[in-house]
Amino acid sequence: MTAEQLGVAEIAAWLREAAAVVRAQQARLTSLDAAIGDGDHGLNRARGFDAVERLVNFPDHPVTPGDLLAQAGRTFQQRVGGASGPIWGIALRRAGQDLGDRQTLEAPPLARDLDAARAGVVEIGAAAPRDKTMVDALAPAVDALQKAAADGLPSDAVAPSAARPAEDGVRATTPLLARRGRAAFLGERSISHQGPGATSVALVLRALAGTICAAPPRLYGDE
Amino acid sequence: MTEHLGQRRADEGADPRRERGSLIQSVDRAARILKVLAAGRRLGVTEIAKRLDLPPPTVHGLLRTLVAHGFVEQDRTSEKYQLGPGLLQLGSSYLDVNELRARSVRWADRLALHADAGVRVGVLVTGAVLVVHHAFRPDHDVHIPEVGAQLPVHASALGKAVLAFAAPEAVDDLVADGLPRLTHRTLDARGLRAELADVARTGVARERDEAVLGESSVAAPIFDAGSMPVGAIGVVADTSRLLPRGRAPGSLVTAVVTAARGVSRELGVAEWPARADRLSPSLRRR
């Protein structure tokens with residue numbers, strides 16, 4: 001696939017890759033969840049991505065890239081329990097709505113897509129940066145894309161430029177005290193554990209980079 | 001945090017001095033003063049200082065602090081010190097929590113089995129619901145024990161269940177501190193007051209995605225022999241499972257009420273829920 005495109009095929013490939021990566025990292029994500037919340041969350045998230053994978057393999061009707069992403073979001077909202085359903089649901093839907101029928105891969109609009117996802121998560125989760133949530137991976141990715149847009153980065157460098165700061169954001173969650181989600185009730189017991197929500201965001205953004213750039217994804221935690 | 005509630009008693013006889021390096025000095029000294037006074041006699045500053053091998057001014061400062069908290073009092077004529085009434089209060093809340101916990105275990109297990117969900121028993125502490133007992137969801141191996149977890153009062157069914165039957169000042173105080181917005185469904189002060197009126201009428205509190213997205217809870221208050229709301233028991237589960245189509249199934253509500261009534265009866269209450277005329281006037285008006 002060409003580096004400049006972010007069409008239906010690329011979105012589908014990305015979501016398949018995201019499902020595969022989340023599946024491959026399932027044990028790790030579950031242990032992160034179990035340490036500070038509930039192992040169910042990891043299970044639900046994996047189920048959600050499995051359902052999304054089925055969706056992209058058998059799309060109901062011809063769709064735009066934005067439609068496909070929004071459908072993936074609705075799949076999460078309708079089929080997945082726990083926190084993963086509403087949160088991944090709103091993130092994917094908002095990103096999809098923002099993406100619309102655009103097919104090009106450029107930093108400025110991609111920054112807006114991701115920012116729409118971030119805003120959706122913040123809206124329903126009432127989360128701020130450093131609350132030890134998905135936002136801690138999403139926000140740095142948005143910032144980096146905005147910077148990439150300003151720097152006029154070539155399109156094949158756009159997706160990786162979002163993945164790396166998300167991963168840095170994940171590492172920065174470890175010492176944080178959780179302020180949202182079930183982990184928030186555990187107080188100091190939530191410290192010294194990497195945030196599972198942020199981790200899954202970084203995995204999915206790394207999957208995007210891997211898909212678009214046709215390079216093997218660097219799985220989080222492999223280094 | 002609550003590991004202490006059940007286990008610390010056993011440590012009373014142990015001499016913590018061996019591990020004193022890891023203790024906070026002033027707290028350690030205050031605790032030793034209380035133990036010396038607990039021997040039963042009124043003592044002066046110099047006597048206490050001698051027994052603990054500490055400078056009298058240090059002991060004096062500690063005693064003044066303990067007096068300020070009501071844990072120690074000073075006899076006016078002799079100027080000697082003895083244990084204060086504040087300790088009694090602490091002691092009785094310790095007993096209350098332990099009895100509540102002991103009485104809840106069986107009912108919590110039964111409820112967890114019936115509802116196929118996790119069950120929490122909680123009490124109100126300053127500004128939070130403290131989980132004092134947690135029964136895991138049956139046949140479910142991945143979880144974290146939540147005893148000691150502190151839940152938001154306004155965003156948990158346990159908190160609402162107790163608050164609806166508590167003194168009106170408790171609601172006012174909570175609202176005055178501000179109600180943190182934890183999700184887009186967290187209630188504001190007005191919404192909370194309206195819902196508490198419902199809870200006071202039905203005896204059942206519900207919380208939908210208000211603290212954690214995708215997670216909801218249903219709870220009912222536990223009363224003690226004096227008809228005071230001492231805590232609550234309730235189930236917590238994925239919203240889609242607990243509240244299909246936004247409502248708690250009747251059988252679930254019945255099971256929660258049965259558990260709350262069961263624990264309350266064991267604590268000696270005659271009537272569940274407490275009579276409406278016990279409710280705060282501000283709630284009755286609504």
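**Helix packing in chain A and a sheet in chain B**

Modeller: Let's start in chain A of this predicted model: the axes of helix α6 (residues 107-125) and helix α7 (residues 135-151) of chain A come within 8 Å and cross at roughly 155°.

Biologist: Nice. Are α6(A) and α7(A) roughly parallel or roughly antiparallel?

Modeller: Angles over 145 degrees count as roughly antiparallel, so α6(A) and α7(A) are roughly antiparallel to each other. The crossing of α6(A) past α7(A) is left-handed.

Biologist: Which residues make that contact?

Modeller: From α6(A), the contributors include A:L110, A:L114, A:R118 and A:V121. On the α7(A) side, A:L138, A:V142, A:L145 and A:Q146 are among them.

Biologist: And how do the residues of that contact divide by class?

Modeller: There are 16 nonpolar, one polar and two charged residues in the contact of α6(A) with α7(A).

Biologist: What about α5(A) and α6(A), how do their axes cross?

Modeller: Helix α5 (residues 84-99) of chain A crosses α6(A) at roughly 145°, with the axes coming within 7 Å. Here α5(A) passes α6(A) in a right-handed crossing.

Biologist: Which residues are involved there?

Modeller: α5(A) brings A:I87, A:I90, A:R94 and A:L99, among others, while α6(A) offers residues including A:D113, A:L114, A:V121 and A:I124. By class, that contact has 12 nonpolar, three polar and four charged residues. A:L114 and A:V121 also appear in the contact with α7(A).

Biologist: Switching to chain B: what's the strand order in the open sheet?

Modeller: Six strands line up as β5-β4-β3-β8-β7-β6, with antiparallel pairing.

Biologist: Which strands stand at the edges?

Modeller: Those are β5 and β6 (205-212) of chain B. Each has a single partner strand, so one side of each is left without a neighbour in the sheet.

Biologist: How many bridges join β4(B) to β5(B)?

Modeller: Two bridges link strand β4 (residues 128-135) of chain B to β5(B), and the two run antiparallel. B:V129 stands opposite B:L151 in β5(B).

Biologist: Which helix packs on the sheet?

Modeller: Helix α10 (residues 250-266) of chain B does, touching β7 (215-223) and β8 (229-238) of chain B. The direction of α10 makes about 30° with that of β7(B).

Biologist: Last topic, the contact between the chains. How many residues does each chain give?

Modeller: Chain B gives 18 residues and chain A gives 20. On the chain B side, β5 (150-151) and α9 (239-242) each supply at least two residues. That side of chain B has seven nonpolar, seven polar and four charged residues.

Conventions. Residues are numbered from 1 along each chain as its sequence is written. Chains are lettered from A and ligands numbered from 1 in the order in which they are written. This is a predicted model: local features need pLDDT of at least 70, side-chain atom pairs count only at pLDDT 80 or more; totals for chains, interfaces and linings use all residues. Axes are lines fitted to C-alpha atoms, for helices over the stretch in contact, and angles run from 0 to 180 degrees between N-to-C directions. Helices (H or I, at least four residues) and strands (E, at least two) are DSSP runs, numbered from the N terminus. Angles under 35 degrees count as roughly parallel, over 145 as roughly antiparallel, 65 to 115 as roughly perpendicular and the rest as oblique. A crossing is left-handed if the near helix is turned anticlockwise from the far one by less than a right angle, and right-handed if clockwise. Two residues are in contact if their C-beta atoms, placed from the backbone, lie within 7 Å. Ala, Val, Leu, Ile, Met, Phe, Trp, Tyr, Cys and Pro count as nonpolar, Asp, Glu, Lys and Arg as charged, and the others, Gly among them, as polar. Two strands pair if DSSP finds at least two bridges between them.
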